[in-house]
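This report describes a protein model from its overall make-up to individual residues. The sequence and structure are shown first, and the description follows.

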Amino acid sequence: MRFVAGVMVSLCLLGAGSLGAQSSNAAKQVVESMLTHESDPAQHRNLYMYLSEERSERTGGHLWRERVVETSVGKVRLLLAEDGKPLGADRATLERAKLAQIELHPEEFQRRAQATKSDEDHAEQMLTLLGKAFLFNDPRVDGSDLEIGFRPDPAYKTQSLEERVLHAMSGTILVDQRTLQLHRIEGKTPSDVSLGYGLLGTVHAGSGFNTTHEMEPGGDWKDATVNTAIEGKAMLFKEIGRNEHMIHSEFQRLAPDISVAQAVEMLER
């Protein structure tokens with residue numbers, strides 16, 4: 001699916017040669033602070049325009065290069081290139097026509113954007129699973145970050161198939177020491193994950209994800225890279241899979257009250 005005092009407490013515990021339980025508590029405190037930042041809307045208040053490169057189910061497996069403008073109701077996108085090649089005249093005209101439709105029917109755009117936002121909210125809910133379903137290694141300093149390893153807590157009972165897959169992962173979290181914001185998280189399944197006692201399918205060992213956040217102008221920590229590679233087999237020999245790769249760059253901070261029409265105008269320039 002957040003601040004400085006918490007880091008100072010954690011470092012004091014570590015510096016004092018604390019017992020394992022104290023170190024574990026320090027790691028949990030850092031993770032809980034990070035998760036608080038992640039779920040606080042005030043920590044993600046700024047809007048941005050940025051460049052996105054994405055290969056995913058949404059792009060049909062192609063590599064799309066898009067200019068993205070964030071608004072309070074959703075992200076307006078303009079496709080610039082596919083698989084490393086600029087769009088042809090006909091395709092570029094079609095993309096401009098899509099922008100015109102967004103400007104003419106902002107309510108339809110908002111409806112579609114809300115459906116996408118629901119997916120993002122679900123991802124955030126899964127991130128919060130860290131706070132209740134995992135055990136943590138002692139924090140250690142890694143440059144400007146605190147590095148914390150995580151592994152499944154065997155006492156936690158998963159509530160869904162998606163939780164079952166995530167809970168089977170072990171990995172590492174990097175938390176910025178100064179702000180207690182998430183810098184990077186990565187996890188992998190060390191062995192196959194059986195879904196529904198194998199009746200619903202199996203997620204293969206090595207499936208996993210990694211996400212990196214970077215601080216942008218205005219202080220927000222934004223997705224810089226997102227990678228997901230989930231592979232497996234479902235019932236009747238169908239494939240289980242989710243593969244996506246995204247890189248975001250060239251962030252420019254925007255006015256907080258930018259409208260959909262203004263976003264379209266920016267992309268049409």
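## A partly exposed leucine and its patch

In this predicted model, Leu 161 has a relative accessible area of 44% and is therefore classed as partly exposed. Leu 161 belongs to helix H6, which covers residues 161–167. Together with Leu 199, Leu 200 and Met 235, Leu 161 makes a nonpolar patch of about 390 Å² on the surface.

## Overall composition

The protein contains seven helices and 14 strands. Of its 269 residues, 41% are buried. The accessible surface amounts to about 14500 Å², and carbon and sulfur atoms account for 55% of that surface.

## Nonpolar cores

In soluble globular proteins, nonpolar side chains tend to be buried together. The largest nonpolar core in this model comprises 31 residues, and those with the most contacts inside it are Leu 130, Phe 134, Phe 136, Ile 173 and Ile 185. Helix H2 (residues 20–39) gives the most to this core, contributing five residues.

The surroundings of Leu 130 can be listed once residues up to four places away in sequence are set aside: Leu 130 touches Leu 35, Phe 136, Phe 150, Ile 173 and Ile 185. A second core, separate from the largest one, has 16 residues, including Met 49, Val 69, Ala 263 and Leu 267.

## Aromatic pairs

A pair of aromatic rings is described by the distance of the centres and the angle of the planes. The structure holds three such pairs. One of them is formed by Tyr 48 and Phe 251, whose rings meet edge-to-face, with 5.9 Å from centre to centre and 85° between the planes. This pair links distant parts of the chain, with Tyr 48 in strand S1 (residues 47–55) and Phe 251 in strand S14 (residues 239–254), 203 residues apart.

Both partners fall under the 20% limit for burial: Tyr 48 is buried at a relative accessible area of 0%, and Phe 251 is buried at 10%. Ring pairs also bring Tyr 50 into a cluster with Tyr 48 and Phe 251.

## Contacts of Phe 209

Phe 209 is located in strand S12, residues 208–215. With a relative accessible area of 18%, Phe 209 counts as buried. Leaving aside neighbours within four places in sequence, Phe 209 is in contact with Leu 166, Met 169, Ile 185, Glu 186, Gly 187, Asn 227 and Thr 228.

Phe 209 and Asn 243 are separated by 34 residues in sequence, and their C-alpha atoms are 9.3 Å apart in space.

## Residues with positive phi

Asp 83 is a residue other than glycine with a positive phi, near 55°. Asp 83 sits in the loop between strand S3 (74–82) and strand S4 (85–86). Its relative accessible area of 37% makes Asp 83 partly exposed.

Leu 180 likewise is not a glycine, yet has a positive phi of about 60°. The loop that holds Leu 180 runs between strand S8 (170–176) and strand S9 (182–188). Leu 180 is buried, at 0% relative accessibility.

## Salt bridges

Side chains of opposite charge can pair when their charged atoms come close. The model has 14 salt bridges. In one of them, Arg 91 and Glu 82 meet at 3.3 Å, N to O. Arg 91 is partly exposed at 28% relative accessible area, whereas Glu 82 is buried at 18%.

A further bridge joins the side chains of Glu 108 and Arg 111, at 2.6 Å from N to O. The two residues are three places apart in helix H4 (residues 106–127), so about one helical turn separates them. Glu 108 counts as partly exposed at 30% relative accessibility, while Arg 111 counts as exposed at 51%.

Arg 140 and Glu 147 also form a salt bridge, their closest N and O atoms being 3.2 Å apart. Arg 140 is partly exposed at 46% relative accessibility, and Glu 147 is partly exposed at 21%. Elsewhere, salt bridges with shared partners connect Glu 54, Arg 58, Glu 66 and Arg 77 in one network.

Definitions and conventions
Residues are numbered from 1 along each chain as its sequence is written. This is a predicted model: local features need pLDDT of at least 70, side-chain atom pairs count only at pLDDT 80 or more; totals for chains, interfaces and linings use all residues. Side-chain values use heavy atoms; hydrogens and water are left out. Helices (H or I, at least four residues) and strands (E, at least two) are DSSP runs, numbered from the N terminus. Buried means under 20% relative accessible area, exposed over 50%, partly exposed in between (1.4 Å probe, protein chains only). Accessible areas come from the Shrake-Rupley method with a 1.4 Å probe; for residues, only the protein chains shown count as cover. Patches are made of residues with over 30% relative accessible area and no salt bridge: like charges are joined within 9 Å, nonpolar side chains (Val, Leu, Ile, Met, Phe, Trp, Tyr) within 5 Å. A salt bridge is a side-chain nitrogen of Lys or Arg within 4 Å of a carboxyl oxygen of Asp or Glu. A nonpolar core is a set of buried Ala, Val, Leu, Ile, Met, Phe, Trp, Tyr and Cys residues joined through side-chain atoms within 4.5 Å. Contact means heavy atoms within 4.5 Å. Rings of Phe, Tyr and Trp (its six-membered ring) pair if their centres lie within 6.5 Å; planes under 30 degrees apart count as stacked, over 60 as edge-to-face and the rest as tilted.
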